[in-house]
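Reader: Please take me through one part of this model in detail, the sheet and what packs on it. A connected account would suit me better than a list.

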Amino acid sequence: MAEAKEVDKNVILLPQTNQLIGLYSIIRDQRTKRSDFVFYADRIIRLLVEEGLNQLPVEEAIIKCHGGHEYKGAKFLGKICGVSIVRAGESMEMGLRDCCRSVRIGKILIQRDEETALPKLFYEKLPDDIRDRYIFLLDPMLATGGSAMMAVEVLLSRGVKSEQIFFLNLLAAPEGIKAFHSKYPDVKIITGGIDERLDEDKYIVPGLGDFGDRYYCI
Ligand code: PRP
Ligand code: URA
Ligand code: MG
């Protein structure tokens, strides 16, 4: 199976297989209707969650199989918490729940101002023991990086260490990756696609438009 690649320090890109490119071709197409957008975005989200799980540390576990045969296996270390940046990040919660039964989920409501593209924090609700968990920070789009950086600030203020955070997104702009890692170099970014640039409205190019609107509204 094709493996995700660390294309830059702490930037992990899903393998750009024909299948993945096919999925992105559907969700990027402006003619794709909402039901298909949701279905195919969900498939990519599932791949991102699986790759996030691949990144977690494990310890060796010796398993006794039938007839007393031994299997040298692995056991996950530690506990996970999903944290979604509302609204669009909530679309990624189900993919995480599908892989991690009864996983804890926290929420941070951050919205980009439509004029300035600057993020504003409205609300946060996080599990009390969040500092003891690995965090899957969920937001499909990394554009300027402003929203994600604000979310990381909230997490650090709760005692989480940056090495505990894995930021899962579907599309990232080079400008956003650079800004984000210049502030938080130890947070691992796991992405399905790195696009060309941002446009004058700070939208990703070629991108897919407004993810939240396409997943929930249009
Ligand atoms: C979008 C997206 C990210 C943010 C990315 O959310 O989901 O949160 O913009 O942009 P940035 O990297 O420049 O901060 P938006 O604020 O549009 O709200 P939504 O989730 O309600 O769509
Ligand atoms: N938010 C989106 O949904 N899309 C972008 O391209 C940028 C921010
Ligand atoms: Mg958002």
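Author: Helix α5, which spans residues 174-183, lies across β2, β10 and β12 and runs at about 160° to β12. The model is a predicted one, and the strands under this helix belong to an open sheet of eight strands with mixed pairing. The order across the sheet is β1-β2-β12-β10-β8-β5-β6-β7. At its edges are β1 (5-8) and β7 (119-125), each of which pairs on one side only. On average, neighbouring strands are turned by 25° against each other, direction ignored. A second helix, α2 (residues 34-54), also packs on the sheet. Helix α2 touches β2, β5 (79-86), β8 (133-138), β10 (165-169) and β12 (188-191), and its direction makes about 145° with that of β12.

At the β1 edge, the strand is joined to β2 (residues 11-13) by three bridges, and the two run antiparallel. Within this pairing, Glu 6 has Ile 12 in β2 as its bridge partner. In general, the strands of a sheet pair through backbone hydrogen bonds, either parallel or antiparallel.

The aromatic side chains can be added to this picture. Eight aromatic pairs are found in a search of the whole structure. One of them joins Phe 39 and Tyr 40 edge-to-face, with 4.9 Å between centres and 85° between the planes. Phe 39 counts as partly exposed because its relative accessibility is 47%. Ring pairs also link Phe 37, Phe 211, Tyr 215 and Tyr 216 into a cluster. As for charge on a ring, Arg 112 places its charged end over the ring of Tyr 203, 5.3 Å from the ring centre.

How values were computed
Residues numbered from 1 in each chain as written. Chains lettered and ligands numbered in written order. Predicted model: local features only at pLDDT ≥ 70, side-chain atom pairs only at ≥ 80, totals over all residues. Heavy atoms only, no water. Pairing = 2+ DSSP bridges. Helix = DSSP H or I, 4+ residues; strand = E, 2+ residues; numbered from the N terminus. Axes fitted to C-alpha atoms, helices over the stretch in contact; angles between N-to-C directions. Contact = heavy atoms within 4.5 Å. Phe/Tyr/Trp six-rings, centres within 6.5 Å; stacked < 30°, edge-to-face > 60°. Buried < 20%, exposed > 50% of the residue type's maximum accessible area, 1.4 Å probe, protein only. Lys NZ or Arg CZ within 6 Å of the ring centre and 35° of its normal.
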